Amino acid sequence: MCSQHVDLIIEGCTIIQVVPPEVIMDGTIAVKDTRIVFVGRRNQAANFTAEKRINANGKAALPGLINCHTHVAMTLFRGLAEDKPLEKWLKEDIWPLEAKLKPDDIYAGALLGCVEMIKCGVTCFADMYFHEEAVAKAVKESGLRAVLAEGIIEAGNIALGEKMLERSISFAEKFRDYADGRVKTMLGPHAAYSCSPGLLIKVKEAANQFGLGIHIHLAEDKKISKQLKTSYNQSETEFLNNLGIFNEQTLAAHCIDLSLKDLRILADKGVNVAYVPVSNMKLGLGVARVKEMLDLKVNVALGTDGPASNNTLDIFETIKFGALLQKHAYRSPTVIRANEVLRMATINGAQALGLEKEIGSLEVGKKADIILIDLSAAHIRPIHDIYAALVYSVRGSDVDTVIVDGKILMENRQLKYLDEEKIIANAEKHAFRLISNNY
């Protein structure tokens, strides 16, 4: 039998397929260049020779996890402004601190976030923030994949809104397909309450002109949504829909205070929802109606939000809390299944970012974004249901190996290209300088 030479072989793993749900025992995955060329049982694999072989006995192989909503550089604010409602949290602490941010701060915080996400099994994330070119630089250095949007906030200042829109467009055009194609871009209007109708229309027109998606916060806070409804005599969702913001390239984060009519609008327009359970619980904002979203065929993905309102970027924590919160809210243990939540963190996330043809599942021809989970820990064993184990028992610290674009970023919990200690020390230096009075 002729042998086939590849770059990487992963063998002996339990392969977790998400579309459709399937478990392949004693599996093999072969990677050549940046793509998967074989997925299946080891005894069905070709006679592969490889530059690198990974013995993955006792490990589960999953598609890399996707964090569909975060502000990654907010690692610098982790643990600040605790136990406050959203409006005070933003106005009294976060926005004044953000006004001090410089590109070097953003880079330091983003690189720390990239380290954290790699170690938690995230291979792709969607980010909306400021000085986003510094985030792109961190993504390039880390080896991760990302969909980035320069944030746009007007807050009553028309000139500021115009300037930020110009920056967002410029960033999106300049960094589209940056880092060997691992960076994609969107436009990032912050929210309906922080951008005027005129500015949002210009965002929509720019998105259409340049073929870009829109990443926006939606219905995050009941009080703010009520104020907006009073101002415009329509719900936040109706308001944005009437402006033409919504389509299948829209990523709407939070989506908590929505009526059934609002949910139907999202379904009709193909809007993608980033469900952000941990941050929403921490800020006391409420629970997104995920059951109704799924019933209406809305594509629901998962996000951590920024580390200032969540404290971690551990998507496994978000997966677990996301499932439990729905069961709690609906008072039904059957409202959402483990494999459905796992889809939210993988293929649904890929679809939300327009990348479902490239990532989100372990399939031949797709990009080799793969993680290996060590299943040997006491808090995981015994395993009766692998999907339940992954959703309810596994922690980010159980991630053993992370591969993006066929490149091993972490193996045996050791980062291959990033100096973790140096990155932590540098981020702390920037964080403590930010909160000092003489910065």
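Two strands are taken to pair if DSSP finds at least two bridges between them. In this predicted model, E6 and strand E7, the latter spanning residues 122-129, satisfy that criterion, since they pair in the parallel sense over four bridges. Within this pairing, Ile66 stands opposite Cys124 in E7.

The two strands belong to an open sheet of eight strands, in which the order is E6-E7-E8-E9-E10-E11-E12-E13 and the pairing is parallel. The edges of the sheet are occupied by strand E6 (65-70) and strand E13 (299-302), each of which has a single partner strand, so that one side of each is left without a neighbour in the sheet. From one strand to the next, the twist averages 25°.

The loop between E6 and helix H1 (86-98) contains His71. With a relative accessibility of 9%, His71 counts as buried, because the limit for that class is under 20% relative accessible area. The side chain of His71 reaches the backbone oxygen of Met128 at a distance of 2.6 Å. When neighbours within four places in sequence are left aside, the residues in contact with His71 are Asp127, Met128 and Tyr129, together with His217, Asp305, Gly306 and Pro307.

Aromatic side chains were examined next. The structure holds five aromatic pairs. One of them is formed by Phe175 and Tyr178, whose arrangement is edge-to-face, with 4.9 Å from centre to centre and 75° between the planes. Of these two residues, Phe175 counts as buried at 9% relative accessibility, whereas Tyr178 is partly exposed, having a relative accessible area of 23%. Another aromatic pair, that of Tyr232 and Phe239, is stacked, with 4.3 Å from centre to centre and 20° between the planes. Here Tyr232 is partly exposed, with a relative accessible area of 31%, while Phe239 counts as buried at 3% relative accessibility. Phe175 and Tyr178 also form one aromatic cluster with Phe171.

Aromatic rings are also found beneath charged groups. The charged end of Lys137 sits over the ring of Tyr107, at 4.4 Å from the centre of that ring. In a further case, the charged end of Lys407 sits over the ring of Tyr417, with 4.2 Å separating this charged end from the ring centre.

Terms used. Residues numbered from 1 in each chain as written. Predicted model: local features only at pLDDT ≥ 70, side-chain atom pairs only at ≥ 80, totals over all residues. Heavy atoms only, no water. Axes fitted to C-alpha atoms, helices over the stretch in contact; angles between N-to-C directions. Buried < 20%, exposed > 50% of the residue type's maximum accessible area, 1.4 Å probe, protein only. Polar contact = N/O pair within 3.5 Å; in protein donor to acceptor, adjacent residues only side chain to side chain. Contact = heavy atoms within 4.5 Å. Phe/Tyr/Trp six-rings, centres within 6.5 Å; stacked < 30°, edge-to-face > 60°. Lys NZ or Arg CZ within 6 Å of the ring centre and 35° of its normal.
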